[in-house]
Amino acid sequence: MPAKPPPELNHELIQNEDPNSMINYTDAIDYWLSVPASVNGVLGGFGEQTLVPKADIVGSATFLRKLQTRMECPPGQQKLTIDMGAGIGRITRDFLWKVSDRCDLLEPVKPFVAQMEKELAIVAQKGKLGDIYDIGMQEWEASPEKKGRYWLVWCQWCVGQLPDEELVKFWVRCKEALMENGTLIVKENIAPQDDIFDATDSSVTRTDAKFRQLFELAGLKLIASDIQKGLPRELYPVRMYCLKAL
């Protein structure tokens, strides 16, 4: 799910007493299969012709730089990262491989996975491309050999595809995948007042208060949070959260 525009642009947004009940995985996959396997496609029209991709990466890099002292990797351990809901691999391509020793990716949309071979060629050349999991977040669990080994789990513009209960379960699995002092980053659109269902891609945009409630339910401690700067004013605010296991 990309940065969210208001409904009058191109998305049908619905406020409902229980937006979670409206999420449908099949509808979501069908929508993403209908968009191009490109930056413009995965960002909902806010591609390289806009300021969004560059501003996004600069914001993420700045946020992580502020957290360096809180993200020290134990001696002798590899900085293993996984990019959740990775799309065509844009975030790994432009940022994550530069701060990691190795990057895994998870993405259920097959054309996006196929496009990763081209997008991530430089990452592979640098010897930093890890495993690619072509499954949904609700299906993922770290393999036995990787459980407790991830330095960083990155979730950006993807967790709105999971209902609250499934999202908490997913974050519990993410927590179990982290090494000692490992970090979970969540970067998502923020609804202004109430959670809102998006019928276009069958996702939910949550409020800041809802995110904080779900973090607590998943046994995660919020270390830091910041607003992404430099995005067009017509988009929902985007907030970054740094989380650790309790």
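Leu33 counts as partly exposed, because its relative accessibility is 44%, between the 20% and 50% cut-offs. The model it belongs to is predicted. Leu33 sits in helix 1, which covers residues 25-33. Setting aside residues up to four places away in sequence, Leu33 touches Val109 and Pro111. Phe112 belongs to this picture too. Its C-alpha atom is 8.6 Å from that of Leu33, although 79 residues separate the two along the chain.

Next comes Phe170, in helix 7 (residues 164-177). Is Phe170 buried or exposed? Phe170 counts as buried, because its relative accessibility is 0% and buried means under 20%. Its contacts, leaving aside neighbours within four places in sequence, are Met84, Met137, Trp140, Cys155 and Leu162. Glu139 is 31 residues from Phe170 in sequence. In space, the two are 8.6 Å apart, C-alpha to C-alpha.

Now turn to the aromatic rings. A pair of aromatic rings is described by the distance of the centres and the angle of the planes. The count for this structure comes to ten aromatic pairs. One of them joins Phe211 and Phe215. Their ring centres are 6.0 Å apart and their planes meet at 25 degrees, so this pair is stacked; the cut-off for stacking is under 30 degrees. Both residues lie in helix 8, residues 208-217. They are four residues apart, about one turn of the helix. Both Phe211 and Phe215 are buried.

Phe211 also pairs with Tyr241. Here the centres are 5.6 Å apart and the planes are at 45 degrees, so the pair is tilted. Which parts of the chain does this pair tie together? Phe211 lies in helix 8 and Tyr241 in strand 10 (residues 238-245), so the pair links parts that are 30 residues apart in sequence. Phe211 has a relative accessible area of 2%, so it is buried. Tyr241 counts as buried because its relative accessibility is 0%. A cluster takes in these rings. Trp171, Phe211, Phe215 and Tyr241 form one aromatic cluster.

The cysteines are the next stop. A disulfide is a covalent bond between the sulfur atoms of two cysteines. How many disulfides does the structure hold? The number is zero. Cys73 is in no disulfide, and the nearest cysteine sulfur, that of Cys103, is 13 Å away. The cut-off for a disulfide is within 2.5 Å, so a sulfur 13 Å away does not qualify. Cys73 is partly exposed, because its relative accessible area is 21%. Cys242 is in no disulfide either. For Cys242, the nearest cysteine sulfur is that of Cys155, 12 Å away. Cys242 is buried, because its relative accessible area is 0%.

The tour ends at the second largest pocket. About 220 Å³ of space lies in the second largest pocket. Its lining consists of Ala61, Leu64, Arg65, Gln68, Met71, Lys79, Phe95, Val99 and Trp151. Which helices each supply at least two residues of this lining? They are helix 3 (52-66) and helix 4 (90-99). Helix 3 gives the most, with three residues. By chemical class, the lining residues divide into six nonpolar, one polar and two charged.

Terms used. Residues are numbered from 1 along each chain as its sequence is written. This is a predicted model: local features need pLDDT of at least 70, side-chain atom pairs count only at pLDDT 80 or more; totals for chains, interfaces and linings use all residues. Side-chain values use heavy atoms; hydrogens and water are left out. On a 1 Å grid over the protein atoms alone, a cavity is a set of points where a 1.4 Å probe fits but cannot get out, and a pocket is an open set with protein on both sides within 12 Å along at least five of seven lines; lining residues have an atom within 4 Å of a point. Grid points are joined across faces, edges and corners, and a volume is the space filled by probe spheres set on the points. Ala, Val, Leu, Ile, Met, Phe, Trp, Tyr, Cys and Pro count as nonpolar, Asp, Glu, Lys and Arg as charged, and the others, Gly among them, as polar. Buried means under 20% relative accessible area, exposed over 50%, partly exposed in between (1.4 Å probe, protein chains only). Contact means heavy atoms within 4.5 Å. Rings of Phe, Tyr and Trp (its six-membered ring) pair if their centres lie within 6.5 Å; planes under 30 degrees apart count as stacked, over 60 as edge-to-face and the rest as tilted.
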